[in-house]
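Thanks for asking me to look this one over. Here are my notes, as numbered points you can follow with the viewer open.

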Amino acid sequence: KKFSLVREMKGLGFDISEVYDDTLMNPREREELQEKFDNMTIEDILSIYEEKIIDVKDKFESDAEARGIQAGEGIDELLERLEESPDIGLPLNSEMITSIARGARKQKFYLRSSYSGGGKTRNMIADALRLSAKGWYDSEKGEWVENEFSEKSVVISTEMLFEELQTPAIAHIADVEEHKILLNDLTDEERERIKFAANILKQSNIYFEHLPNFDVEDIERTIVKNIVKHDVGYVFFDYIHSSIEILSSFTKNSGIRLREDQILLLMADKLKQIANRRDVFLLSATQLNGEWKEAWRKGDEIDEQFIRGAKAIVDKTDFSAIMLPISNKEKKELEDVIKEGFPAYKPNLVTHVFKNRGNKHTKIKIFSHINMGTMRIKDLFCTNYNNEIVNVEKLVIHNKENQ
């Protein structure tokens with residue numbers, strides 16, 4: 001039976017020399033192979049060729065990104081790489097989020113949600129400027145400072161027009177409130193800062209995209225365009241929501257009418273795939289459902305259950321948080337901390353972090369003071385969900401070349 005099987009496999013075009021080879025001239029090699037063949041069972045021989053078929057199927061049939069390794073493969077190179085350069089990304093607008101999440105890291109997908117009008121897109125612009133702006137005005141020092149980073153980033157807006165993205169960008173760089181720019185209610189000194197900020201924006205490696213009617217393919221095409229044309233490595237997609245185009249495209253492609261939560265989950269999954277496959281950092285957001293207000297008022301835990309449409313979106317993220325105003329309960333329970341420790345800045349923003357994959361801190365709240373006119377954030381302190389102070393080690397990230 002074994003000889004018949006070998007002849008059968010040879011007839012099918014398989015190389016049988018590793019099982020049986022009567023062309024070997026070296027007596028010792030021939031004897032060793034014969035002994036190996038004698039000790040093999042039918043199942044042993046079949047498993048050799050089954051493994052070859054599996055390798056071929058894995059190469060051509062499976063997802064191109066799917067692969068397997070022995071657990072220790074490449075471990076020495078990984079440890080050496082981490083020793084030379086720890087797994088840390090680049091700074092975001094919030095120092096606390098930078099510290100807690102280890103910065104904006106390539107191949108990671110972050111989600112930072114809020115209610116309608118809560119500053120989701122504007123905060124993303126500030127994040128992109130932290131990475132890409134040539135510099136900004138430091139009001140405490142009273143001078144312009146140069147950014148030691150010059151990364152390439154793109155902000156993709158689904159609602160705000162280019163002018164609506166440019167004015168908050170200028171406001172952030174110049175540290176002049178946006179409403180003063182829009183009303184032309186500026187001092188001479190502020191007007192000069194605005195002009196200087198405009199020149200900085202012109203020289204910075206930040207790009208804006210407007211994508212009002214889109215499906216998932218449009219999102220990927222826009223991201224890939226910016227990667228290819230501008231070498232972008234940091235992507236900010238203003239928020240995950242369904243549209244007529246998305247609904248129709250999914251229905252057309254699958255032949256099935258999907259629910260909104262299923263579509264939003266597929267969108268989040270696609271964004272995570274893009275981050276991995278294209279080696280970019282990706283930050284997005286969602287709206288909140290109508291239940292957040294009552295939970296916020298009562299001081300309940302804020303997490304993925306308040307994300308509109310599909311809380312399963314969070315499953316695809318590496319970091320997830322929700323930004324809300326400080327509640328009356330939080331003000332009352334932290335009154336002494338605020339009064340004694342932060343007389344100059346009163347917290348008006350709380351970022352509820354409920355997912356932080358691979359990091360030390362989760363289920364944590366960041367209390368900050370934010371100027372919504374400039375999107376300048378001053379992080380003050382952190383607590384757990386019981387409003388008890390949590391110490392967070394500050395992570396200061398420098399450009400290695402500049403340093």
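1. Let me start with a lysine on the surface: Lys360 has a relative accessibility of 63%, so it counts as exposed. Please keep in mind throughout that this is a predicted model.

2. Where does the charged end of Lys360 go? The side chain of Lys360 meets that of Glu393 in a salt bridge, with 3.0 Å from N to O. Lys360 belongs to the loop between β9 and β10, while Glu393 sits in the segment after β12 (389-390), so this pair ties together parts 33 residues apart in sequence. Glu393 itself is partly exposed, at 48% relative accessibility.

3. A second salt bridge involves the loop between β9 (349-356) and β10 (364-371), and it is worth a look as well. Here the side chains of Glu301 and Lys363 meet at 2.8 Å, N to O. Glu301 lies in the loop between α13 (292-298) and β8 (319-325) and Lys363 in the loop between β9 and β10, so the contact ties together parts that are 62 residues apart in sequence. Both ends are partly exposed: Glu301 has a relative accessibility of 36%, and Lys363 has 35%.

4. For a local case, turn to helix α9 (residues 188-203), which holds both Arg193 and Glu189. Their side chains form a salt bridge at 2.9 Å, N to O. Why can these two be partners within one helix? They are 4 residues apart in α9, which means about one helical turn separates them. Arg193 is buried, at 10% relative accessible area, whereas Glu189 is partly exposed, at 40%.

5. How many salt bridges does the whole structure hold? A search finds 19. The pairs above are among them.

6. Now the sheet. It is open, has 10 strands and mixed pairing, and its order is β5-β4-β6-β7-β1-β8-β9-β10-β11-β12. Which strands stand at the edges? They are β5 (206-210) and β12, each with a single partner strand, so one side of each has no neighbour in the sheet.

7. At the β5 edge, β4 (residues 153-157) and β5 run parallel and are joined by 5 bridges. To locate the register, look at Ser153, whose bridge partner in β5 is Ile206. Helix α10 (residues 216-230) packs on the sheet here, touching β4, β5, β6 (234-237) and β7 (281-284). The direction of α10 makes about 155° with that of β5.

8. Another helix to inspect is α12 (residues 260-278), which lies across β1 (109-114), β6 and β7. Its direction runs at about 155° to β7.

9. On to the rings. The whole structure has 14 aromatic pairs. In one of these, Phe3 and Tyr20 have ring centres 5.2 Å apart and planes at 85°, so the pair is edge-to-face. Phe3 comes from helix α1 (residues 2-11) and Tyr20 from the loop between α1 and α2 (27-39), 17 residues apart. Phe3 is partly exposed, at 39% relative accessibility.

10. Tyr137 and Trp144 are an edge-to-face pair too, 5.3 Å centre to centre with 70° between the planes. Is each ring buried or exposed? Tyr137 is buried, at 10% relative accessibility, and Trp144 is partly exposed, at 27%. For a larger group, select Tyr110, Tyr234, Phe236, Phe281 and Phe319, which form one aromatic cluster.

11. Two lysines are worth checking against rings. Lys2 lies over the face of Phe37, 4.9 Å from the ring centre. The charged end of Lys120 sits over the ring of Tyr239, at 5.6 Å from its centre.

12. I will finish with Thr374, in the loop between β10 and β11 (376-384). Its relative accessibility is 1%, so Thr374 counts as buried. What does Thr374 touch? Leaving aside residues up to four places away in sequence, its contacts are Ala171, His172, Asp175, Val176 and Glu177.

How values were computed. Residues are numbered from 1 along each chain as its sequence is written. This is a predicted model: local features need pLDDT of at least 70, side-chain atom pairs count only at pLDDT 80 or more; totals for chains, interfaces and linings use all residues. Side-chain values use heavy atoms; hydrogens and water are left out. A salt bridge is a side-chain nitrogen of Lys or Arg within 4 Å of a carboxyl oxygen of Asp or Glu. Buried means under 20% relative accessible area, exposed over 50%, partly exposed in between (1.4 Å probe, protein chains only). Two strands pair if DSSP finds at least two bridges between them. Contact means heavy atoms within 4.5 Å. Axes are lines fitted to C-alpha atoms, for helices over the stretch in contact, and angles run from 0 to 180 degrees between N-to-C directions. Rings of Phe, Tyr and Trp (its six-membered ring) pair if their centres lie within 6.5 Å; planes under 30 degrees apart count as stacked, over 60 as edge-to-face and the rest as tilted. A charge sits over a ring if NZ of Lys or CZ of Arg is within 6 Å of the ring centre and within 35 degrees of the ring normal.
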